[in-house]
Amino acid sequence: MPNDNAPDVQAAEEARAFHAGQPDDPAKYGVEGCCYRTFWAVVDTDGTFVRGRNVARVAHLAPGQYEIVFTSDVSNGVYVASIGRPGIATEPAGEIGVALRCCLGGHETDKGVWVDTHDSDGDYADRAFHLIVHTQ
């Protein structure tokens, strides 16, 4: 009777053979350099900055549209946002989008992140959120 919990020996051998032929190029995987920087913000529905790290300012531009400006360049970062209250309780269901903020100038160039929030129907709606940016 075969053991369903036994490792798949053939699959393991195929994986080893595949990886054996791959170049060991850390740059391909973004491992170069030593450190990454973290920027984050918790923002209430009306655009009030609640807490965060390396945040220069926050603006509520229109219903469901927010601009978060950090203290350094975040243009090569990864942006992750989630709808959520700053404290106890939950935020109404909805959707959230995040991107590098276009068209800021002067000392704010490449330091801004755009966040838009929507209700479950896809219409712009104010929602509290958490945002984190990791960058080198």
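**Val 133, the nonpolar core and the strands around it**

Setting aside neighbours within four places in sequence, Val 133 is in contact with Arg 37, Thr 38, Phe 39, Phe 70, Val 74, Gly 77, Val 78, Tyr 79 and Val 113. This residue makes a convenient entry point to the structure, which is a predicted model. Val 133 is also one of the residues that touch the most other members of the largest nonpolar core, along with Ile 68, Phe 70, Val 113 and Leu 131. That core has 16 residues in total. Strand 1, strand 3 (55–62), strand 4, strand 5, strand 7 and strand 8 (129–135) each contribute at least two residues to this core. In soluble globular proteins, nonpolar side chains tend to be buried together.

Stepping back to the overall layout, the protein contains one helix and eight strands. The helix comes at the N-terminal end of the order, which reads α-β-β-β-β-β-β-β-β. Of the 136 residues in the protein, 32% are buried. The protein exposes about 8500 Å², and carbon and sulfur atoms supply 53% of that area. Where contacts between residues at least 6 apart in sequence are considered, 59% join residues at least 24 apart.

Strand 7 (residues 112–118) deserves a closer look. Seven of its seven residues are buried, so strand 7 is largely enclosed by the rest of the structure. In a regular strand the side chains alternate between the two faces of the sheet. Here, Gly 112, Trp 114, Asp 116 and His 118 point one way, while Val 113, Val 115 and Thr 117 point the other way, and all are buried. Strand 7 pairs with strand 4 (residues 65–70) through five bridges, the two running antiparallel. Within this pairing, Glu 67 has Trp 114 as its bridge partner in strand 7. Strand 6 (residues 95–100) also pairs with strand 7 in the antiparallel sense, this time over six bridges. There, the bridge partner of Leu 100 is Val 113, the valine already met among the contacts of Val 133.

A further group of four strands forms an open sheet in the order 2-1-8-5, with antiparallel pairing. Strand 2 (49–53) and strand 5 (78–83) stand at the edges with a single partner strand each, so one side of each is left without a neighbour in the sheet. On average, and with direction ignored, neighbouring strands of this sheet are turned by 10° against each other. At one end of the order, strand 1 (residues 37–43) pairs with strand 2 in the antiparallel sense over four bridges. As an example from this pair, Val 42 has Arg 51 in strand 2 as its bridge partner.

What, finally, is in contact with Glu 91, beyond its neighbours within four places in sequence? The list consists of Thr 45, Ile 83, Gly 84, Arg 85, Asp 126, Arg 127 and Ala 128. Glu 91 lies in the loop between strand 5 and strand 6. With a relative accessibility of 13%, Glu 91 counts as buried, because the cut-off for that class is under 20%. Two of the listed residues also take part in polar interactions with this glutamate. The side chains of Glu 91 and Arg 85 are joined by a polar contact of 3.3 Å, and the side chain of Glu 91 reaches the backbone nitrogen of Ala 128 at 2.8 Å.

Methods
Residues are numbered from 1 along each chain as its sequence is written. This is a predicted model: local features need pLDDT of at least 70, side-chain atom pairs count only at pLDDT 80 or more; totals for chains, interfaces and linings use all residues. Side-chain values use heavy atoms; hydrogens and water are left out. Buried means under 20% relative accessible area, exposed over 50%, partly exposed in between (1.4 Å probe, protein chains only). Contact means heavy atoms within 4.5 Å. Accessible areas come from the Shrake-Rupley method with a 1.4 Å probe; for residues, only the protein chains shown count as cover. Two strands pair if DSSP finds at least two bridges between them. Axes are lines fitted to C-alpha atoms, for helices over the stretch in contact, and angles run from 0 to 180 degrees between N-to-C directions. A polar contact is a pair of N or O atoms within 3.5 Å; within protein, one must be able to donate a hydrogen and the other to accept it, and residues adjacent in sequence count only if both atoms are side-chain atoms. A nonpolar core is a set of buried Ala, Val, Leu, Ile, Met, Phe, Trp, Tyr and Cys residues joined through side-chain atoms within 4.5 Å.
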